[in-house]
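Reader: Please take a close look at the empty spaces inside this model and at the aromatic rings around them. I would like one connected account rather than a list.

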Amino acid sequence: MESERPGLLAQERVRQTLLVASGVMGALAFPTTDWSLFAWVWLIPTLLAALERQPREALADGWLAGTTFFLVLLRWLDFTFRNYSAIPWPVTWLPILALSAYCGLYVGLVAWSVARLTAVVGPGWALTLGPALWVGGEWIRGRLMGGFPWGLLGYSQHATLAVIQVAELGGVYAISLLVVAVNCALAAVLGLGLRRAAPGMTATALLLLLSLGFGWWILSRESAPAGGRTIRSVDVAVIQPSIEQTLKWDPTRHAETMAIYERLTREAAQPKGDAVPAAVLWPETAATIFLRGDGELLARLTQLSAELDTPLLIGSLDRQPGPRGKYLNSAFFLTGQGIRAKYDKIHLVPFGEYVPLSGLIGFVRSWAEFISDFGAGETHTVFPLPGAPFGTVICYEVIFPELFREFVVAGASFMSNITNDAWFGETSGPWQHLAMLPLRAVEHRVGIARAANTGISAFVTPTGRLAGSLPLFERGVLRMPVELRSRATLYTRWGDWLAYLCLGLSALGLGLSRSRRT
């Protein structure tokens, strides 16, 4: 027995090394490396281990791979903690590790489920249910305790346009399902042999071909000259002031900051021929004061809108009514007649704009300057731009498919995203944030205009293509036509039906496995 122990330890080290390496591979499928092919194979070591190990051991294996994946993916948070918190380095990595371990637990639970199903219904059926288990886990992670759907596997394919077109059917979850299905099919070939894996491999290949065929058909149809379709668009401009975070909130620089915004707005609204843009979009909290409470600034911006004959969308602060009203992160739609509509951010950033369980852990507010105490809005406002009503999501909200969908269902013909990613510097954070927009665009076939303080400001077409962008920390304006939504997709109509189906299949499979074991 003693002679066997070194060999077992060596095998354990090899397995752990493979799991860690696979987690790193999965993260490298996302921006800024964008090695998207890695997403199609990185889960194979976790799945193979789940076929051979006990459920508890599989849970630990998947948790290790998942925690590594999120630790590498979310490494940009270290910049934020080092520069905007009182937490000393390397202690800054502790909250990142805690968040990564929480998110990585979902990978572990998928591995546990596969191992449990393998013991009861066999490895073939276990891997068949693997994609549904994964999607169900992603959906729960996007909702539990406020939700954190960052790093959904489907986002790894944001630049592979032929793959992501099926998002109009099942949302980003359709892409995650497809990617995990390929991982499971390859794991079956390696773990069960080609003969036993043939049915699953054939079904996965057919699913992949159908998805790619649908994508190529959509892209060819959309790129063809009009093709009998009536394409309506609206001219929109976004401004990127590129103001450092430390300067943005300095009250002594407020006048200078507003002068920069005014100059960029005038540049963006310059007539092209006889036409001016239908709207000029400012970033999140562009006006770092209470716009409605500063009569002089409000009058000045109203006059600017009237002079340019162009509505402005202005990110600013507001306050709930009453003496104890909380701050609101808001977007104001302003014309020459004044404020016409307002949207208050609904989904706040935990430990950024509010502290969960503040009665117990409210003391964390003193740890970092980016931790605030905001109130949440309740209304999905659609701004009344003539001929092109539109909605906006503020910063972090764009990562929530169900929230974004509410604006489209309410009648938005295009969408905007205003954000301030200066907190993340020149890390991969702003790029990962931007990578979610193509999926939102495809889900509803809606054009998106994005105004970011320090970048990345961009326009995204209904096919998910990045039509134009401004580099990080470059001051400038971007003006382009935004195609208006012309049809309702299946995802617009039915929402997260695919995720619900996957949850149902997962519950059914695990329920049957429990009943058979008892």
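Author: Rings of Phe, Tyr and Trp, with the six-membered ring taken for Trp, pair if their centres lie within 6.5 Å. In this predicted model, Phe30, Trp42, Phe69, Phe70 and Trp134 form one aromatic cluster.

Three members of that cluster, Phe69, Phe70 and Trp134, also belong to the lining of the largest cavity, together with Cys103, Tyr106, Val107, Val110, Gly137, Glu138, Arg141 and Gly151. The volume of the largest cavity is about 90 Å³, and its lining divides into seven nonpolar, two polar and two charged residues. At least two residues of this lining come from each of helix H3 (55-73), helix H5 (93-121) and helix H7.

The second largest cavity, with a volume of about 80 Å³, has a lining that again includes Trp134, Val107 and Val110, here in the company of Leu43, Thr46, Leu47, Ala50, Ala111, Gly130 and Val180. Helices H5 and H7 each supply at least two residues of the lining of the second largest cavity, and so does helix H2 (44-52). Its lining comprises eight nonpolar and two polar residues, with no charged residue. The count of cavities of 30 Å³ or more comes to three.

Turning from the closed spaces to an open one, the second largest pocket holds about 730 Å³ of space. Its lining comprises 32 residues, and the closest of them to the pocket centre are Thr128, Pro131, Leu177, Ala181 and Leu207. Six helices each give at least two residues to this lining, namely H6 (123-128), H7 (130-141), H9 (167-170), H10 (172-192), H11 (194-223) and H20 (497-517). The most is given by H11, which contributes 10 residues. By class, 25 of the lining residues are nonpolar, six are polar and one is charged.

The aromatic pairs can be followed next. A pair of aromatic rings is described by the distance of the centres and the angle of the planes. By the pairing rule, the model has 20 aromatic pairs. One of them joins Trp139 and Tyr500, whose rings are edge-to-face, at 5.6 Å centre to centre and with 75 degrees between the planes. Because Trp139 lies in helix H7 and Tyr500 in helix H20, this pair ties together parts that are 361 residues apart in sequence. As for accessibility, Trp139 counts as buried because its relative accessibility is 16% and the cut-off for buried is under 20%, whereas Tyr500, at 46% relative accessibility, counts as partly exposed.

A further edge-to-face pair is formed by Tyr343 and Phe407, with 5.3 Å centre to centre and 80 degrees between the planes. This pair, too, links distant parts of the chain, since Tyr343 is in strand E6 (residues 338-344) and Phe407 is in helix H16 (residues 401-409), 64 residues apart. Both Tyr343 and Phe407 are buried.

A charged side chain also meets an aromatic face in this model: Arg221 lies over the face of Trp217, at 4.9 Å from the ring centre.

To return to the starting point, Trp134 is a member of the aromatic cluster, and the same residue is found in the lining of the largest cavity and in that of the second largest cavity.

Terms used
Residues numbered from 1 in each chain as written. Predicted model: local features only at pLDDT ≥ 70, side-chain atom pairs only at ≥ 80, totals over all residues. Heavy atoms only, no water. 1 Å grid on protein atoms, 1.4 Å probe; cavity = no way out; pocket = protein on both sides within 12 Å on 5 of 7 lines; lining within 4 Å. Points joined across faces, edges and corners; volume = space filled by probe spheres on them. Helix = DSSP H or I, 4+ residues; strand = E, 2+ residues; numbered from the N terminus. Nonpolar A, V, L, I, M, F, W, Y, C, P; charged D, E, K, R; others polar. Phe/Tyr/Trp six-rings, centres within 6.5 Å; stacked < 30°, edge-to-face > 60°. Buried < 20%, exposed > 50% of the residue type's maximum accessible area, 1.4 Å probe, protein only. Lys NZ or Arg CZ within 6 Å of the ring centre and 35° of its normal.
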